[in-house]
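Biologist: I would like a close look at a single part of this model, the open sheet, together with whatever packs on that sheet. Please also indicate how far the coordinates may be trusted.

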Amino acid sequence: MIDIHKVITLCASVSKNIEGLVSHKLSFNLIQAVARGKLHETSHSRILGEMFRYDQSILKSFLDEFVETGLFRKEATWNVLIEQDHIDITIQGDNNVVIIENKVNNASEQYRQIDRYVEQKYSEGRPNIYVLYLTREYPLMPSEYSLDSSKDKCRFVTATYKYDIRKWLNSKLLTKDRPFSVHSALYHYINYLDHMFGSDYNSEIPNEIRAQIEKYLSQSGNDRNDISALERLSKELLETSEICRKLMNERLWAKIQVDLNSRLREKGLPRLLSMQELGWDLPDAGIQFSIQGMDNKFYAVVSNLRQRYIGIIDRNNNGPLDNSVVERLKSLFEPMQSAPAQLTEARIGSTYRYPFWFKVYDNDSLITQYLQLIDILDKRKDIVTIIDSKK
């Protein structure tokens, strides 16, 4: 985990010695060097959260820009919590609370993730709940998989790092009145984001899109300055985008299952079953297996989320898996340690746990790695029994 305070100190120290290099536009970025090219979502959240803690004027500027103008003045004090109760950033007063969910690296949604955050704050007696969903390039709402039952208990806002956060950092924070150490740290962070996205952060509306919107408004008999008409159009576009995303995901998921089952048949291995066939209400698929001498039933799973995962899943109603079970599972995965794998206790829902998983970035790799996982299980007949699911 990167120590943000050390990074800020280093930024200040190094910047004093490289002002000449920067003025000649030679590229040097301390965060880029320390992070080896990529900050995790938690690091981005800590940078924002530490800014808010350092200077309340930065917090005020952020709330005015992204949540609600004047919200800052509604509380005598604001408390900033970072990575507490699984929430990336919580900004809370006595009556108001802002939940920030950071998806800058396109992290996948978790089952009822935003629902759980909202319910938690609602139960604490804070009636005014705002959820700010920070995404990478496109303003996205969470799907019903993440936010469903609690959507009427919160006010929802979206913003992007590529356009909104960078524009705010440049225009509102990178000012001459900041202390040198803060100015230097901000410079490096903005420069790091520019490496991620390119230097253009202005989100001007392309002329052809602006023309289409103006045409739509005129054809609909609306005043071009009628804000409510634009709000209706925005809502329609978001709903259409969500429908397209669902259709694309369904068709892609169907193709993956067909391709996987075809490969499994070639190898004489059990057919892939949907979680519904296995009696689970999750959008995943897998094959069943058991470990000798243990009551647990496990599933080798490929996960149907925005970012795809494969791994072992277990239904466990009594908390984390026993260490001996985790170690047995870990030993099965030793041949796959070259993959970006890790043990995790990440909660997916109130009764579901993925004791072991790893992320896969493209469909070909997903199929290849999943078949490798199945092969490993099939060869370890000394400790594993694959439950026949051929139909």
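Modeller: The account below begins with confidence, turns to the sheet and the helices on it, and ends with a pair of helices elsewhere in the chain.

The model is predicted, and its mean pLDDT over the chain is 76, with 74% of the residues reaching 70 or more. Among the elements of the chain, β2 has the highest mean pLDDT, at 96, whereas strand β10 (residues 341-343) has the lowest, at 42. Two stretches call for caution. The pLDDT is below 50 over residues 4-26, a stretch that has 28 contacts in the model beyond near neighbours in sequence. Residues 338-352 also have pLDDT below 50, and that stretch has 36 such contacts beyond near neighbours in sequence. Where pLDDT is low, the predicted coordinates should not be read in detail.

The sheet itself is open and is formed by five strands in the order β1-β2-β3-β4-β5, with mixed pairing. Each of β1 and β5 (155-160) has a single partner strand, so these two stand at the edges and one side of each is left without a neighbour in the sheet. On average, neighbouring strands are turned by 20° against each other, direction ignored.

At the β1 edge, strand β1 (residues 79-84) pairs with strand β2 (residues 87-92) in the antiparallel sense, over five bridges. Within this ladder, Val80 has Ile91 of β2 as its bridge partner, and Ile82 has Ile89 of β2. The two strands form a hairpin with two residues between them, and Asp85 in the turn has a positive phi of about 55°.

Two helices accompany the sheet. Helix α5 (residues 113-123) lies across β2, β3 (96-103), β4 (128-135) and β5, and runs at about 160° to β3. Helix α6 (residues 161-173) packs on the sheet as well, where it touches β3, β4 and β5; the direction of α6 makes about 90° with that of β5.

For context outside the sheet, helix α3 (residues 41-54) packs with helix α4 (residues 56-66) at an angle of about 120°, their axes being 5 Å apart. The angle therefore makes α3 oblique to α4. Met51, Phe52 and Tyr54 of α3 make the contact with Gln56, Ile58, Leu59 and Phe62 of α4. By class, this contact has six nonpolar residues, one polar residue and no charged residues.

Helix α3 also holds a charged pair. Arg46 forms a salt bridge with Glu50, and the closest N and O atoms are 3.2 Å apart. Because Arg46 and Glu50 lie four residues apart in helix α3, about one helical turn separates them. Side chains of opposite charge can pair when their charged atoms come close. With a cut-off of 4 Å between nitrogen and carboxyl oxygen, the count comes to 18 salt bridges.

Key:
Residues numbered from 1 in each chain as written. Predicted model: local features only at pLDDT ≥ 70, side-chain atom pairs only at ≥ 80, totals over all residues. Heavy atoms only, no water. Axes fitted to C-alpha atoms, helices over the stretch in contact; angles between N-to-C directions. Parallel < 35°, antiparallel > 145°, perpendicular 65-115°, else oblique. Contact = heavy atoms within 4.5 Å. Nonpolar A, V, L, I, M, F, W, Y, C, P; charged D, E, K, R; others polar. Pairing = 2+ DSSP bridges. pLDDT = per-residue confidence, 0-100. Salt bridge = Lys/Arg side-chain N within 4 Å of Asp/Glu carboxyl O.
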